[in-house]
Amino acid sequence: MISTPLFTGQNLILTPFNIEKDAQAVSNWSYDLTVARQFGRNPARPMNEASAKKVLEDHTRKPENTAFFAFGIRIKDKKKLVGILRLRYIAWNHGAGEIDVIFGNPEHRQQCGSEALAMGLVYAFEELNLHRLNTRAIGENEQDAISLFETAGFTLEIRQREALFNSGRFWDGLIFGLFRSEWLERQEAH
Amino acid sequence: MEDKIYKGKLVRLAIQQKDNVKAYERWNLDSEYARLADSDPSYLWSRQQMAEWIDKEEDCQVSFNIRTLADDKLIGGVGLWISDWASRNAWVGIGIGEREYWGKGYGTEAMRLIVRFGFRELNLNRISLDVFGYNERAVRSYEKVGFKVEGRMREWINRAGVRSDLIYMGLLRREWEAVEENLE
């Protein structure tokens with residue numbers, strides 16, 4: 001429905017970035033390499049504020065880039081950035097794209113993950129009208145990813161054996177997929 | 001030693017040359033080829049754009065032309081993109097633009113050569129690729145080289161209104177070593 005609010009959830013809001021202030025939060029998060037890895041800097045390492053600022057500038061959508069959307073995740077009535085929702089690699093000719101949610105700390109992920117993901121799915125399927133979405137996870141976070149994404153209806157589609165190396169060992173790369181039709185069915189059932 | 005890396009029985013891996021753009025231009029006009037080679041919308045790139053790409057060499061990318069040994073004819077291209085050196089994982093892509101060389105083992109041999117290059121020269125642990133569900137000939141070719149299907153992104157591709165899966169395949173160093181020993 002066009003009256004459905006896209007950016008206001010029950011406990012969370014999606015917002016633009018406040019680059020100056022949010023850079024400090026992102027820099028703090030990045031001491032956790034599992035978070036730093038999600039920003040695509042290779043090899044992953046903690047980021048100072050200047051690097052974090054650059055990351056947030058890159059995450060601010062340029063109108064000519066139609067394949068990338070990112071939002072700041074905040075808890076209602078609180079200003080601090082707790083996470084980032086991204087829709088990336090959108091192939092408009094195929095109606096396919098990728099979603100991910102990054103949280104600065106595990107408590108926020110636990111507390112806000114499913115609501116933020118649900119908001120991202122509404123945006124992807126009702127605003128971007130995608131046919132399907134995928135999301136990626138690293139083997140070291142397999143249980144966490146399964147509980148977040150399978151609960152939201154995703155199916156594990158691909159296991160890339162030994163695709164990633166960190167923390168002293170190789171891990172599988174996992175890719176989960178969800179169709180708009182599967183998402184709609186669940187919306188109706190709830 | 002160099003010969004072993006670059007040369008097989010049918011083809012060799014060759015340096016990209018600027019005058020290849022004439023062949024690339026012809027291949028771009030073959031819409032079936034373009035739709036087998038890339039998921040992006042087919043497009044007619046200018047000679048100048050293509051020449052710029054040939055000139056541009058990047059540390060994370062190793063690209064070769066594929067030329068026949070019999071008459072040194074340019075028939076296609078193959079390349080490795082190293083996504084992450086610490087993970088020793090690279091993506092491989094291949095295309096045979098000249099149709100009369102389809103289904104005769106030229107592409108399979110070129111793939112064997114680039115895979116050997118990746119494991120021996122780049123010290124990779126794994127090589128990854130994706131292939132469109134409607135390209136069964138390519139899947140069979142990659143399986144001959146040793147790649148295994150690791151899953152499918154269901155209905156990822158939409159071509160002329162028909163949806164197909166995007167098939168992911170992977171080849172691990174230890175699996176390649178077992179196959180390579182049998183070849184030598």
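In the predicted model, chain B and chain A bury about 2300 Å² between them, and 43% of this area lies on carbon and sulfur atoms. Within the part that chain B buries against chain A, Glu150(B), Arg154(B) and Trp156(B) supply 30% of the area, which is more than any other three residues provide. Counted by residues, the contact draws 31 from chain B and 26 from chain A.

Polar and charged groups also meet across this interface. Between chain B and chain A, 5 salt bridges are found, and one pairing of side chains in a salt bridge is that of Glu157(A) with Arg154(B), with a distance of 2.5 Å from N to O. Arg154(B) thus appears both in this salt bridge and among the three residues named above for their share of the buried area. Across the interface of chain B and chain A there are, in addition, 20 residue pairs in polar contact, both residues of each pair having a pLDDT of 80 or more.

The side of chain B that touches chain A is assembled from several elements, since at least two residues each are supplied by β3 (74-84), β4 (89-96), β5 (126-132), β6 (148-159), β7 (162-172) and α7 (173-183) of chain B. Of the elements of chain B, β6(B) gives the most to this side, with 11 residues. By residue class, the side of chain B that touches chain A divides into 13 charged, 9 polar and 9 nonpolar residues.

Turning to the interior, the largest nonpolar core has 46 residues, and those with the most contacts inside it are Val92(B), Met111(B), Val115(B) and Phe147(B). Helix α5 of chain B, residues 106-120, contributes the largest share of this core, namely 8 residues. When residues up to four places away in sequence are not counted, Met111(B) touches Val92(B), Ile94(B), Leu129(B), Tyr142(B), Val145(B) and Phe147(B). A second core, separate from the largest, has 36 residues and includes Leu6(A), Phe69(A), Leu87(A) and Ala137(A).

Two residues of chain A call for a remark on their backbone. Tyr89(A), although it is not a glycine, has a positive phi of about 50°, and its place is in strand β3 of chain A, residues 81-91. Because its relative accessibility of 54% is over 50%, Tyr89(A) counts as exposed. Glu162(A), likewise not a glycine, also has a positive phi of about 50°, and this residue is found in strand β6 of chain A, residues 155-166. Its relative accessibility of 16% is under 20%, and Glu162(A) therefore counts as buried.

Technical notes: Residues numbered from 1 in each chain as written. Chains lettered and ligands numbered in written order. Predicted model: local features only at pLDDT ≥ 70, side-chain atom pairs only at ≥ 80, totals over all residues. Heavy atoms only, no water. Contact = heavy atoms within 4.5 Å. Buried area = accessible area lost by both parts, 1.4 Å probe. Salt bridge = Lys/Arg side-chain N within 4 Å of Asp/Glu carboxyl O. Polar contact = N/O pair within 3.5 Å; in protein donor to acceptor, adjacent residues only side chain to side chain. Helix = DSSP H or I, 4+ residues; strand = E, 2+ residues; numbered from the N terminus. Nonpolar A, V, L, I, M, F, W, Y, C, P; charged D, E, K, R; others polar. Core = buried A, V, L, I, M, F, W, Y, C linked by side-chain atoms within 4.5 Å. Buried < 20%, exposed > 50% of the residue type's maximum accessible area, 1.4 Å probe, protein only.
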